[in-house]
Structure formats: C-alpha cells, structure tokens
Amino acid sequence: MNWQGLSGLLNHDMLVKLFERIPDWGIEKSTYLMCGPEGMMKNVETLLSEQKIPKDKIFKESFVQGIIDKDKKTAVGTEDKKAREVTIRYDGQEYKIMVEPGKHILETALDEGIDLPYSCQSGLCTACRGKALSGKVKLDEEEGLSQAERDEGYVLTCVGHPLTDDVVIEIG
Ligand code: FES
C-alpha cells in the first residue's frame with residue numbers, strides 16, 4: 001500500500017525505466033542475468049539487443065515442466081532412421097552404446113546401466129553436458145548452451161541424437 005516505486009508488468013517501457021537506474025547500464029563490462037517468465041525474458045533480451053550488449057554477456061535461467069516434448073523426440077527420429085553407435089568417455093571409462101532412432105543419448109546410456117550425470121533431462125540445466133570430440137549430434141533443445149559452448153562442440157546428452165556413427169562424447 002505504501003510502495004512509492006514503479007509498479008506494473010515488466011514490459012519494454014518499464015524495463016527501460018529500470019535499466020536507466022543501473023549505474024553501469026549499457027557498459028559492456030557488465031554481465032546480464034535473467035530469470036523469470038518467458039515473456040519478460042524476451043522483453044529483456046530485446047532491450048539488451050537494442051543496446052548492442054554482446055550475447056556472451058547475457059545469461060538466462062529457464063524453467064520448463066517435465067520431460068522434453070514427445071513430438072520433438074520423434075521429429076529427429078523421422079530424419080534419421082538408423083541406430084548409431086556412440087562412444088562416451090566418462091570418469092576414466094569408455095562406453096559404447098547403440099542409440100536407436102528417436103532416442104536420446106542419455107536415455108540409452110541410462111537404460112544400459114551407465115551412470116552418467118544428469119538432472120533436468122530437458123536440455124536446460126547442463127548437468128549432462130559433454131564435448132563431442134567427433135561426429136555429429138543433433139539437439140532437440142539448445143537453450144541450455146551458450147553460442148560459445150556450441151561453437152566449441154559441447155552437447156547435451158539428454159536431448160542429443162547422434163546423426164553419424166563416429167560420435168565420441170567426453171563428459172566432465
Ligand atoms: S540433464 Fe539438464 S540439460 Fe541435460
């Protein structure tokens with residue numbers, strides 16, 4: 001009742017007003033962290049983009065409910081109908097698994113009793129992150145990785161499908 005500050009939705013105009021109060025606003029050395037509803041984060045991203053803030057200075061935490069959308073799972077399966085061999089290096093061990101079309105790498109490894117790290121299984125937390133040393137991996141969800149990580153070859157096994165037979169992933 002006694003609140004004297006701004007109030008209302010965090011839309012573009014409100015965000016501009018708030019950011020004008022940040023002492024280092026717009027300075028490239030700042031790092032920007034977002035967490036909240038999808039719409040608000042989109043508004044923030046738009047504003048940061050208008051201010052020409054480099055993408056590698058922007059981080060966001062996204063939350064989604066449940067496991068990855070079944071439609072997305074089958075979408076890749078229709079592209080590639082072949083089971084693919086994947087080599088996983090983790091904790092000093094090397095494992096070879098055959099990943100069936102439409103199945104994820106993590107899911108297959110867990111089904112085979114291989115104890116790999118994971119948490120959300122939705123491509124967001126990066127607990128399952130590994131580096132693809134060779135081969136091609138298609139991700140159903142890329143939001144969890146920054147562009148720099150993708151460029152370096154990092155993949156998320158929980159949403160990853162092998163597209164070639166020479167996939168080698170190093171975890172940890
Ligand atoms: S388990 Fe969270 S991104 Fe893979």
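Start by selecting cysteine 35 in this predicted model. Cysteine 35 is partly exposed, and its relative accessible area comes to 44%. Next, pick cysteine 125: this residue is partly exposed too, with a relative accessible area of 34%. With the cysteines still on screen, how many disulfides are there? The count is zero, as no pair of cysteine sulfur atoms lies within the 2.5 Å that the rule asks for.

Now switch to a cartoon view and find the sheet. Five strands make up an open sheet, and their order across it is 4-3-9-5-7, with mixed pairing. Which strands stand at the edges? Colour strand 4 (93-99) and strand 7 (154-156): each has a single partner strand, so one side of each lacks a neighbour in the sheet. Turn the view a little to follow the twist; on average, neighbouring strands here are turned by 35 degrees against each other, direction ignored.

Stay with strand 7 and add strand 5 (residues 129-134). Strands 5 and 7 pair in the antiparallel sense, over three bridges. Zoom in on arginine 129, where you will see leucine 156 of strand 7 standing opposite.

Show the side chain of arginine 129 as sticks, together with tyrosine 154. What does the charged end of arginine 129 sit over? Beneath that charged end is the ring of tyrosine 154, with 3.8 Å to the ring's centre.

For a last stop, display the aromatic side chains. A search of the whole structure for aromatic pairs returns zero.

How values were computed: Residues are numbered from 1 along each chain as its sequence is written. This is a predicted model: local features need pLDDT of at least 70, side-chain atom pairs count only at pLDDT 80 or more; totals for chains, interfaces and linings use all residues. Side-chain values use heavy atoms; hydrogens and water are left out. Rings of Phe, Tyr and Trp (its six-membered ring) pair if their centres lie within 6.5 Å; planes under 30 degrees apart count as stacked, over 60 as edge-to-face and the rest as tilted. A charge sits over a ring if NZ of Lys or CZ of Arg is within 6 Å of the ring centre and within 35 degrees of the ring normal. Buried means under 20% relative accessible area, exposed over 50%, partly exposed in between (1.4 Å probe, protein chains only). Two strands pair if DSSP finds at least two bridges between them. Helices (H or I, at least four residues) and strands (E, at least two) are DSSP runs, numbered from the N terminus. Axes are lines fitted to C-alpha atoms, for helices over the stretch in contact, and angles run from 0 to 180 degrees between N-to-C directions.
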